[in-house]
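User: I'd like to go through this model with you and ask how each label is earned. Could you start with the pockets?

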Amino acid sequence: MTSRRDEIAIIGAGLAGSLAACFLARRGYPVVLYERRPDPRAGTAERGRSINLALSERGLDALRRVGLDEQVMADALPMRGRMIHPVEGEPQFQSYSAAGDRAINSISRGALNNALLDAAAALPGVRVVFDHRLVGLDPTNGSLTFETPQGQVAAKASVVLGADGAGSAVRGQLLADGLLTENVDLLDYGYKELTLPPLGGDFALDPDALHIWPRGTSMMIALPNPDRSFTCTLFWPNEGTGSFAALDNPAAIEHYFARHYPDVVPLAPNLVDDYENNPVGVLGTVHCAPWQVNGTVGLLGDAAHAIVPFYGQGANCAFEDVVELDRCLDECADEWSEALPLYQQRRQENAEAIATMALTNFVEMRDKVASPVFQLSRRVEHALERALPGRYVSQYELVSFSTTPYAEVRRRVRRQHRVLGAIAGGVALLLAGAVGTALSRGRRG
C-alpha cells in the first residue's frame, strides 16, 4: 500500500500535471513534478503553439476544488456564442444557450499553465524539476531515467503519473515494453495560428464571441485575449486545393485570404509573416489501453486520450480526469492499486464519447453553422429548452455547461431525439388523418 510519505512522480508540468500536483499535495503526498521543458514562466511561449483554451464548467469545477477558479477567471474573457463570418455579408451571432446567459471562457493556455505551476510549487511537499526528459521507466519498481543538460539522472517513485501530453513519453515507455496498445488516428488536417492585433487600442472584433469563418472543408476561428488581440487558428487540409501546402509564397497567401477571408485581411497586418513562420500543428485522437499498469503507473489527460480541439473540451476533460482520480483515491482509501483501475473504468468510456463528439463538431463548425437549415434547428432546440426546462437540454449545453459525464450526455441526447422523433411522427399522422378526413367530407359535399 502506498503511504502518504511515499513520493509521487508526475511526468509533465502542463495543465493536467500541475493540477494533479495540487490535488495530491492537498492529500498529503510528497510530489515531484518533472518537466522536459525549461521553466515556461521564465521565457516566452513557442511561436504559433498556443491554441487558446475555451474553459467551461468541467474545468472550472476542478479549479474550484483547489481554490484557483477566481484567480484564473480574472483574466478570462467570456464568449456567449459563435459569430459566423460569411465570405460576403454581415456576421451572424448564434447564442450558446437558450437564454443567452451562458458563456465559455477564452483563456491563454500559457497563462493558465503558469498559474497552476505557481500554485503547485507553493504547496508543501511539491518539487518542480525542469529540463528533465524521461528516457527510461521501469513500472515494476518505479525507477525513472531522465536526460538533462547535465547528463542522465536517475530517480524513483512509488507511483508514476504520465501527464505529458499527446506524445507522452510515459505511454511510449509502456508501449515499448508491450504493456499497452495504442492507436493514433491522425486527421489529414493541420492547424496554424495567426494574430489580429488591437485596432485603435480596442478589439478588432466583438470580444464576446468565438468567431468562426466556415468554408465548407476548412475553417478559421478566433478567440479574444486580455491584451485586446485575437488568436486565430486555421484548420485546413494538409494537401490539395485550399491546403497549407498550396500556399507557398506571399502573393498566393494574400490572394487566397482576400478571396476567402476578405474581412480578415485589413485586420491582420502581419498576415504573411505569421503564415510563413508559424508552424503547422498536428491534429489527431489517441486511443490506448490500459491507462494504468500494476496500479503504480497511470496516464492522465492527453497522455491517455488526446482529442481534436473542436469542442473546446481537451483541457476540461483532462481536469475532469484529475477530479475523478482524486475521487477514486477517496473511495479506495488511497490504495493506488485499486484507485487507478477504478479511475480508468470510470473515465475511459467518457473519453471515447467526447472524442467522437469533438470530431462531429468539426463538421458542424466548418460547414453546418452557415446553413439556414442548421440555424433553424438551433432556434427550435432553444425553443424546446425554454418550453421544457430541465427536461430537454441540448448536447452543447450538457457538454459545456454541466458536469454530466460525456457518455451520459450522448445517451440522453439520443433519448431526447427518439422522443422528439416519435412526437413528430405522431403529429404528422394526425395531420395526415385530418387532411384525409377533410378531403373525404369535401368529396361527399
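Analyst: Happy to. This is a predicted model, and α10 (336-366), α11 (372-387), α12 (395-400) and α13 (406-444) each supply at least two residues of the lining of the second largest pocket. The biggest contribution is that of α11, with 6 residues.

User: What makes a residue part of the lining of the second largest pocket, and which residues lie nearest its centre?

Analyst: A lining residue must have an atom within 4 Å of a pocket point. For the second largest pocket, 21 residues meet that rule, and Glu364, Phe374, Glu381, Gln395 and His417 lie nearest the centre. The volume of this pocket is about 490 Å³.

User: Why is the space lined by Ala20 and Phe23 called a cavity?

Analyst: The word is used because a 1.4 Å probe fits in such a space but cannot get out, whereas a pocket is open. The count comes to 1 cavity of 30 Å³ or more, and about 40 Å³ of space lies in the largest cavity. That value is above the 30 Å³ cut-off, so the cavity is counted. Its lining consists of Ala20, Phe23, Leu24, Val322, Leu325, Asp326 and Leu329. Two or more of these residues come from each of α1 and α9 (314-331), with α9 providing the largest share, 4 residues.

User: How do you know that Leu24 belongs to a nonpolar core?

Analyst: Membership calls for a buried residue of a nonpolar type, joined to others through side-chain atoms within 4.5 Å. Leu24 is listed in the largest nonpolar core, which has 70 residues, so Leu24 must be buried, under 20% relative accessible area. Ile10, Leu24, Leu161, Phe319 and Trp336 have the most contacts inside this core. Helix α1 (residues 15-26) gives the most to the core, with 9 residues. Apart from this core lies another, of 37 residues, among them Leu223, Tyr311, Met357 and Ala407.

User: Which residues does Leu161 touch?

Analyst: Leaving out residues up to four places away in sequence, Leu161 touches Ile8, Ala9, Ile10, Ile11, Leu24, Gly298, Leu300, Leu325, Trp336 and Leu340.

User: Why are β4 and β7 called paired strands?

Analyst: Pairing needs at least two bridges. Strand β7 (residues 104-107) and β4 have 3 bridges in the antiparallel sense, so the two count as paired. In one of these, Leu77 has Ser106 of β7 as its bridge partner.

User: And what makes β3 and β4 edge strands?

Analyst: The open sheet of 3 strands runs in the order β3-β7-β4, with antiparallel pairing. β3 (53-55) and β4 (77-79) each pair on one side only, and they are the edge strands. Neighbouring strands of this sheet are turned by 40 degrees against each other on average, direction ignored.

Terms used
Residues numbered from 1 in each chain as written. Predicted model: local features only at pLDDT ≥ 70, side-chain atom pairs only at ≥ 80, totals over all residues. Heavy atoms only, no water. Axes fitted to C-alpha atoms, helices over the stretch in contact; angles between N-to-C directions. Buried < 20%, exposed > 50% of the residue type's maximum accessible area, 1.4 Å probe, protein only. Contact = heavy atoms within 4.5 Å. 1 Å grid on protein atoms, 1.4 Å probe; cavity = no way out; pocket = protein on both sides within 12 Å on 5 of 7 lines; lining within 4 Å. Points joined across faces, edges and corners; volume = space filled by probe spheres on them.
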